[in-house]
Amino acid sequence: MNDARNPRPGVPASNAPSGSDPSSDDLRREIFDRADTIVLKVGTRVVTHSGGVLNHDRIGLLAEELHALRSAGKRVVLVSSGAVGAGMSTLGLTSRPTDLAQLQAVAAVGQTKLMDAYDRVLARFGYHSGQVLLTADDVNDRARYLNVRNTLHSLLRFNAIPIINENDTVSVEELMTTFGDNDRLAAMVASLLRAQLLIIFSDVDGLFDGDPSLSSSRVISTVTTIDATVQSYVRDKKTGLSKGGMASKLEAARICTTAGENVIIANGHAPGVIQSIIDGKPVGTLFVAQGHSLSPLQRWIGFSARPRGKVVVDEGACRALIRNGKSLLAAGILDVEGDFRKGDVISICDESQEPLARGLSNYGAADIQRIKGLKSNRIAQVLGHRPYEEVVHRDNLADRKSTRLNS
């Protein structure tokens with residue numbers, strides 16, 4: 001049986017412009033039919049008018065679309081931007097504050113307006129809305145990561161629609177750099193829930209093969225590999241309200257597809273866009289899952305956890321890790337960076353500093369400094385004990401082949 005997370009036989013190996021793949025509709029319909037959980041992300045420009053005022057008519061239509069997905073038997077989680085924009089309009093601001101405290105205050109005001117708008121329109125269809133505000137630490141810490149997942153599952157069981165946003169009112173890095181935008185946050189939520197489909201609503205029709213403002217440019221219907229050619233198509237628009245753009249959406253698609261899920265980027269203003277997705281019609285750009293779905297632990301290590309340090313390994317260790325699927329032994333380690341402890345996530349890099357993998361270290365940085373380059377049978381002589389033969393066991397490792405790590 002074919003898994004909707006993987007390309008089916010007959011799907012082209014190259015990226016193709018819209019309409020060139022006769023099996024595209026069947027693939028899209030199969031992906032949607034097999035997805036029991038869907039994450040829908042909407043950006044600031046989708047839920048607000050120009051200037052940041054909430055577009056209540058569009059939010060009402062969004063509630064109808066969420067209801068359509070629920071009526072199709074899907075569990076739905078919404079990741080929504082718009083708090084800062086809504087706060088700006090409420091407070092009469094014409095430009096996004098640059099002072100962090102002011103920006104957090106604006107987000108606090110706007111978040112209440114945003115949730116009130118969602119709560120009122122979802123109630124028409126008999127749903128509760130459940131606000132979930134996240135910081136980077138909530139997905140970086142393993143226990144908190146699991147708590148978030150359990151909370152989301154509980155909200156879904158209570159017939160509520162979780163509405164997720166960054167916790168801008170208490171975060172520092174989030175407003176500036178950590179998640180970067182809600183596209184990446186949506187990808188991490190999709191990975192956390194193992195949602196088989198992430199839908200990203202944009203204000204453009206999808207990924208174009210040229211400048212979207214030119215009539216000669218066409219939407220790419222299906223992307224099977226996010227390669228250099230696809231990266232070259234990215235053209236972002238800069239505004240004073242939204243932090244995201246096509247580059248961040250492409251990064252979100254990379255995270256999801258390498259974890260084994262599918263992504264559709266579509267125009268959130270297009271009439272009937274969700275119904276078209278339900279019907280398997282070729283709207284927007286479909287990014288097809290790569291390889292097999294990763295385990296929950298691999299997802300956390302590869303995409304959510306923040307590495308606390310780094311080890312540099314030799315060529316032999318590189319081959320063992322990437323080609324042969326082996327654990328990391330002390331003998332292959334050349335250098336250690338950072339002050340990490342046993343159980344922390346660390347990056348594993350080759351001699352040119354290219355990231356190969358991430359994993360849970362069985363030893364702290366100080367101990368690895370003492371045993372690097374040694375055969376496993378010599379560890380006890382140096383440390384006085386050898387609790388583990390491996391520095392990073394294969395079961396606790398996510399390599400570049402499965403996650404395409406950037407750093």
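Here are some numbered points to help you find your way around this predicted model.

1. A good place to start is strand β8, which covers residues 262–267. Of its 6 residues, 6 are buried, so the strand is largely enclosed by the rest of the structure. If you look at the two faces in turn, Asn262, Ile264 and Ala266 lie on one side, while Val263, Ile265 and Asn267 lie on the other. Both faces are covered.

2. Next, which strands pair with β8? Strand β6 (residues 197–202) runs parallel to β8, and the two are joined over 6 bridges. In that pairing, Ser202 is found opposite Asn267 of β8. Strand β9 (residues 285–287) pairs with β8 too, this time in the antiparallel sense and over 3 bridges. There you can find Val263 opposite Phe287 of β9.

3. Phe287 also takes us to the nonpolar cores. The largest nonpolar core contains 50 residues, and Phe287 is among those with the most contacts inside it, together with Leu152, Ile164, Val189 and Leu198. Helix α8 (residues 182–193) is the biggest contributor to this core, giving 8 residues. A second core, separate from that one, has 38 residues, including Val42, Ala63, Leu69 and Phe201. As general background, nonpolar side chains in soluble globular proteins tend to be buried together.

4. Ile164 deserves a closer look. What does Ile164 touch, leaving aside its neighbours within four places in sequence? Its contacts include the run Val77, Leu78, Val79 and Ser80. Val132, Leu134, Leu152, Leu185 and Val189 are in contact with Ile164 as well.

5. One of those contacts, Leu134, belongs to strand β4 (residues 128–134). Is Leu134 buried or exposed? Its relative accessibility is 3%, so Leu134 counts as buried. Leu134 also offers a nice example of residues brought together from separate parts of the chain: Asn167 is 33 residues away along the chain, yet the C-alpha atoms of the two are separated by 5.0 Å.

6. Now turn to a pair of helices, α3 (residues 56–71) and α5 (residues 100–123). Their axes come within 9 Å and cross at roughly 50 degrees, and α3 and α5 are therefore oblique to each other. The crossing is right-handed. On the α3 side, the residues that meet α5 are His56, Ile59, Gly60, Leu62, Ala63 and Leu66. On the α5 side they are Ala117, Tyr118, Arg120, Val121 and Leu122. Ala63, which you met above in the second core, is thus one of the α3 residues facing this helix partner.

7. Two residues are worth checking for their backbone angles. Arg194 is not a glycine, yet it has a positive phi of about 55 degrees. Arg194 sits in the loop between α8 and β6, and at 32% relative accessibility it counts as partly exposed. Gln353 likewise has a positive phi, near 70 degrees, in a residue other than glycine. Its place is in the loop between β12 (345–349) and β13 (355–360), and Gln353 is partly exposed, with a relative accessible area of 37%.

8. Finally, have a look at Asp279, in the loop between α11 (273–278) and β9. Asp279 is partly exposed, its relative accessible area being 31%. In sequence, Asp279 and Asp26 are 253 residues apart; in space, their C-alpha atoms are 9.9 Å apart.

Terms used: Residues are numbered from 1 along each chain as its sequence is written. This is a predicted model: local features need pLDDT of at least 70, side-chain atom pairs count only at pLDDT 80 or more; totals for chains, interfaces and linings use all residues. Side-chain values use heavy atoms; hydrogens and water are left out. Buried means under 20% relative accessible area, exposed over 50%, partly exposed in between (1.4 Å probe, protein chains only). Helices (H or I, at least four residues) and strands (E, at least two) are DSSP runs, numbered from the N terminus. Two strands pair if DSSP finds at least two bridges between them. A nonpolar core is a set of buried Ala, Val, Leu, Ile, Met, Phe, Trp, Tyr and Cys residues joined through side-chain atoms within 4.5 Å. Contact means heavy atoms within 4.5 Å. Axes are lines fitted to C-alpha atoms, for helices over the stretch in contact, and angles run from 0 to 180 degrees between N-to-C directions. Angles under 35 degrees count as roughly parallel, over 145 as roughly antiparallel, 65 to 115 as roughly perpendicular and the rest as oblique. A crossing is left-handed if the near helix is turned anticlockwise from the far one by less than a right angle, and right-handed if clockwise.
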